[in-house]
Amino acid sequence: MQRKYVENFLRTLGKPLVKFIISLGELVLFILKAVYHALTPPFYFKNFAKQVLEIGFYSLPVVGLTTIFAGMVIAMQSYSGFGGVGAESMVADVVLISVTRELAPVLSALMVAGRIGAAMAAEIGTMKVTEQLDALVTLSTNPFKYLFAPRLWAGLIVLPFLVLFGDVIGIFGGYVVGIYKLGFNPANYINATLENLQALDITTGVVKAAVFGFLIALMGCYNGYKSKGGAQGVGQATTNAVVSASILILIFNYIITEILFSK
């Protein structure tokens, strides 16, 4: 009887574990195949340009709104915290570091993941369940080169520019609150920001953004490619793309921070 319970427990534990390992292996193979086709010709520059427009230009409003309010909140919260110890002059420095190193890349990536990752998964998933991907193969067109490679390159290249835009908008949000809400001198605030600005702050955000952009495009393409079962499967793929991309963004945010700032 005891042996039977142990066997049932191991069987219950083993099925999800085996399923996870299989899914992980499929993801690794997909990544290797996608990267290979992204680095080898032919290249579809028209599709790449379309994705740059979709990921970059159309995401500017949501990135701008997210980062400007994040910068404003950080300015207010840091002033409230530093006010008790007489260190109000550190507000500009805190806004600068918080926005460039963390808030702009992470929040921008999460917003883009919700917008672009879901759209990619839905589009590719619809093409998969309606056999349009098979039609591309029939027409001697590799889906990895035609669909996935342009999206991976666009995510990798465009998101750093979005984050740089978010840096400027977020710091401006902190400046607006600092000047018109907290009563700082404009010249002193700008000078404090410029004096504390370091290349590492910008580099950190750009590196994170490039990795996040690749992850967003990868999860959107992978979950769309693996979708099955009609409309319900496409909806599940869309949800999985956003959730998996968001989790990976947070995980890799810590990993990159640990690499760049560990002593």
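**Figure 1. Ser246 in helix α9 of the predicted model.** Ser246 has a relative accessibility of 18% and therefore counts as buried, the limit for that class being under 20%. The residue belongs to helix α9, which spans residues 231-261. When residues up to four places away in sequence are left aside, Ser246 is in contact with Leu110 and Ala113.

**Figure 2. The salt bridge between Arg115 and Glu54.** The structure contains four salt bridges, one of which joins the side chains of Arg115 and Glu54 with an N to O distance of 3.4 Å. Arg115 is located in helix α4 and Glu54 in helix α2 (residues 45-55); the pair thus links distant parts of the chain, 61 residues apart. Both partners fall in the partly exposed class: Arg115 has a relative accessible area of 28%, and Glu54 has a relative accessibility of 31%.

**Figure 3. The salt bridge between Glu102 and Lys208.** The closest N and O atoms of Glu102 and Lys208 are 2.6 Å apart. Because Glu102 lies in helix α4 and Lys208 in helix α8 (residues 199-225), this salt bridge ties together parts that are 106 residues apart in sequence. Glu102 is partly exposed, at 27% relative accessibility, whereas Lys208 is buried, at 0%.

**Figure 4. The salt bridge between Glu123 and Arg151.** Here the closest N and O atoms are separated by 3.0 Å. The pair links distant parts of the chain, with Glu123 in helix α4 and Arg151 in helix α6, 28 residues apart. Glu123 counts as partly exposed, with a relative accessibility of 38%, while Arg151 counts as buried, with a value of 4%.

**Figure 5. The edge-to-face pair of Tyr79 and Phe184.** A pair of aromatic rings is described by the distance of the centres and the angle of the planes. The structure holds 14 aromatic pairs. Among them is that of Tyr79 and Phe184, whose ring centres lie 5.9 Å apart and whose planes stand at 90 degrees, an edge-to-face arrangement. Tyr79 is in helix α3 (residues 60-83) and Phe184 in the loop between α6 (143-180) and α7 (186-196), so that the pair links distant parts of the chain, 105 residues apart. Tyr79 is partly exposed, its relative accessible area being 30%.

**Figure 6. The stacked pair of Phe172 and Tyr175.** The ring centres of Phe172 and Tyr175 are 6.4 Å apart, and their planes differ by 25 degrees. The pair counts as stacked because its interplanar angle of 25 degrees is under the limit of 30 degrees. Phe172 and Tyr175 are three residues apart in helix α6, which means that about one helical turn separates them. An α-helix has 3.6 residues a turn, so residues three or four places apart point the same way. Phe172 is partly exposed, with a relative accessible area of 45%.

**Figure 7. An aromatic cluster and the charge over Tyr225.** One aromatic cluster is formed by Phe30, Phe144, Phe148, Tyr222 and Tyr225. Over the ring of Tyr225 sits the charged end of Lys128, at 4.9 Å from the ring centre.

**Figure 8. The buried and exposed sides of helix α7.** Tyr189, Ala192 and Thr193 are the buried residues shown in α7. These residues lie on the same side of α7 because they cover an arc of only 100 degrees around the axis. The buried residues of α7 pack against α4 (91-129) and α6. Asn188, Leu194 and Glu195, on the other side of α7, are exposed.

**Figure 9. The cap at the N-terminal end of α7.** Asn185 caps this end of the helix. A side-chain oxygen of Asn185 lies 3.0 Å from the backbone nitrogen of Ala187.

**Figure 10. Ile157 in helix α6 and its separation from Val112.** Ile157 is a residue of helix α6. With a relative accessible area of 37%, Ile157 is partly exposed. The C-alpha atoms of Ile157 and Val112 are separated by 14 Å, and the two residues are 45 residues apart along the chain.

Technical notes
Residues numbered from 1 in each chain as written. Predicted model: local features only at pLDDT ≥ 70, side-chain atom pairs only at ≥ 80, totals over all residues. Heavy atoms only, no water. Phe/Tyr/Trp six-rings, centres within 6.5 Å; stacked < 30°, edge-to-face > 60°. Helix = DSSP H or I, 4+ residues; strand = E, 2+ residues; numbered from the N terminus. Buried < 20%, exposed > 50% of the residue type's maximum accessible area, 1.4 Å probe, protein only. Lys NZ or Arg CZ within 6 Å of the ring centre and 35° of its normal. Arc of directions from axis to C-beta. Contact = heavy atoms within 4.5 Å. Polar contact = N/O pair within 3.5 Å; in protein donor to acceptor, adjacent residues only side chain to side chain.
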